[in-house]
Amino acid sequence: MSAIRTPVLIVGGGPAGAAAAVYAARKGIRTGVVAERFGGQTLDTLGIENYISVLETQGPTFAAALENHVRAYEVDLMNGQRVSALTPAAQPGGQITVTLENGATL
């Protein structure tokens with residue numbers, strides 16, 4: 001009997017959000033990422049020299065590599081979306097509601 005896995009929605013598409021998406025998807029969890037700008041602040045960074053296994057890179061290059069890695073898995077990527085509210089679940093273990101600035105709820 002296989003366990004039922006609750007889908008995961010990651011808010012934020014920077015390096016931490018990308019890593020969370022990859023690891024969740026690798027575990028077979030349906031995963032989504034909602035981000036205003038996938039790549040986060042790395043898009044505005046000229047030089048990156050502190051990321052493990054990467055001696056030196058430019059922010060936009062790094063952000064593109066993050067996106068390519070996430071897209072290699074079946075992750076629903078919602079780029080260009082900004083979260084306006086997170087509503088806690090009514091019951092412990094229940095579903096959290098995510099509201100986007102455009103009024104859509106997830």
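**View 1. Helix α1 lies across β1, β2 and β3 in this predicted model.** The helix covers residues 15-26. It runs at about 165 degrees to β2.

**View 2. Three strands form an open sheet.** Their order is β1-β2-β3. The pairing is parallel. The edge strands are β1, residues 8-11, and β3, residues 75-79. Each of these two pairs on one side only. From one strand to the next, the twist averages 15 degrees.

**View 3. β1 pairs with β2 in the parallel sense.** Strand β2 spans residues 31-35. Four bridges join β1 and β2. Which residue of β2 is the bridge partner of Val-8? Thr-31 takes that place.

**View 4. The largest nonpolar core holds 14 residues.** Seven of them touch the most other members: Ala-18, Ala-21, Val-33, Phe-38, Leu-66, Val-70 and Val-75. Which elements each supply at least two residues of this core? They are α1, β2, α2 (59-71) and β3. Helix α1 gives the most, with four residues. In soluble globular proteins, nonpolar side chains tend to be buried together.

**View 5. Val-75 has contacts beyond its sequence neighbours.** Residues within four places in sequence are left aside here. Val-75 then touches Ala-21, Ala-25 and Val-70. It is also in contact with Thr-31, Gly-32 and Val-33. Thr-31 appears again here, as the β2 bridge partner of Val-8. Among these contacts of Val-75, Ala-21, Val-33 and Val-70 also belong to the core of View 4.

Notes: Residues numbered from 1 in each chain as written. Predicted model: local features only at pLDDT ≥ 70, side-chain atom pairs only at ≥ 80, totals over all residues. Heavy atoms only, no water. Pairing = 2+ DSSP bridges. Axes fitted to C-alpha atoms, helices over the stretch in contact; angles between N-to-C directions. Contact = heavy atoms within 4.5 Å. Core = buried A, V, L, I, M, F, W, Y, C linked by side-chain atoms within 4.5 Å. Buried < 20%, exposed > 50% of the residue type's maximum accessible area, 1.4 Å probe, protein only.
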